[in-house]
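Trainee: Hey, got a minute to look at this model with me?
Mentor: Sure, pull it up and we'll go through it.

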Amino acid sequence: MRMIEGKVIKCRKPHRCIWCGEKIEPGETAAYRRYISDGEFVQDYWHMECYIAMMRSEDTMDEGFDAFEQKRGKILEETQRDTN
Ligand SMILES: [Zn+2]
């Protein structure tokens, strides 16, 4: 994965959070990333608390998480512990 751009934005349109799958409403602050993965351009949107949760998680290097399947604002290990 090669990062092109990462920034904090204010949404003008609704988006779906790549972490928790919940909607990010217009006017909400979100984290936005644009990158290349396997030769393809990818972009994703995050609730701020979800982005922070991803940064705090240990197993997310190289997209090591299931998109849209995490709990909002919870780190990967916490969610895994809950479901196991
Ligand atoms: Zn989220």
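Trainee: Why does Cys20 count as buried?
Mentor: Cys20 counts as buried because its relative accessibility is 9%; buried means under 20% relative accessible area, exposed over 50%, partly exposed in between, with a 1.4 Å probe and protein chains only.

Trainee: Anything I should know about the model itself?
Mentor: It's predicted, so local features need pLDDT of at least 70 and side-chain atom pairs count only at pLDDT 80 or more, while totals for chains, interfaces and linings use all residues. Residues are numbered from 1 along each chain as its sequence is written, and side-chain values use heavy atoms, with hydrogens and water left out.

Trainee: OK, so which residues coordinate the zinc ion?
Mentor: Cys17 (SG), Cys20 (SG), His47 (ND1) and Cys50 (SG) do, at 2.0 to 2.3 Å. Donors are N, O and S atoms within 2.8 Å of the metal (3.2 Å for Na, K and Ca), and water is not among the atoms, so sites may look incomplete.

Trainee: How are those donors spaced along the chain?
Mentor: The spacing reads C-x2-C-x26-H-x2-C. Cys17 and Cys50 link distant parts of the chain, 33 residues apart: Cys17 is in the loop between β2 (15–16) and β3 (23–24), and Cys50 is in helix α1 (residues 48–56). Helices (H or I, at least four residues) and strands (E, at least two) are DSSP runs, numbered from the N terminus.

Trainee: And is Cys50 buried or exposed?
Mentor: Buried, because its relative accessible area is 0%. Cys17 is buried as well.

Trainee: New topic: how many disulfides are there?
Mentor: The count is zero disulfides, taking a disulfide as a pair of cysteine sulfur atoms within 2.5 Å.
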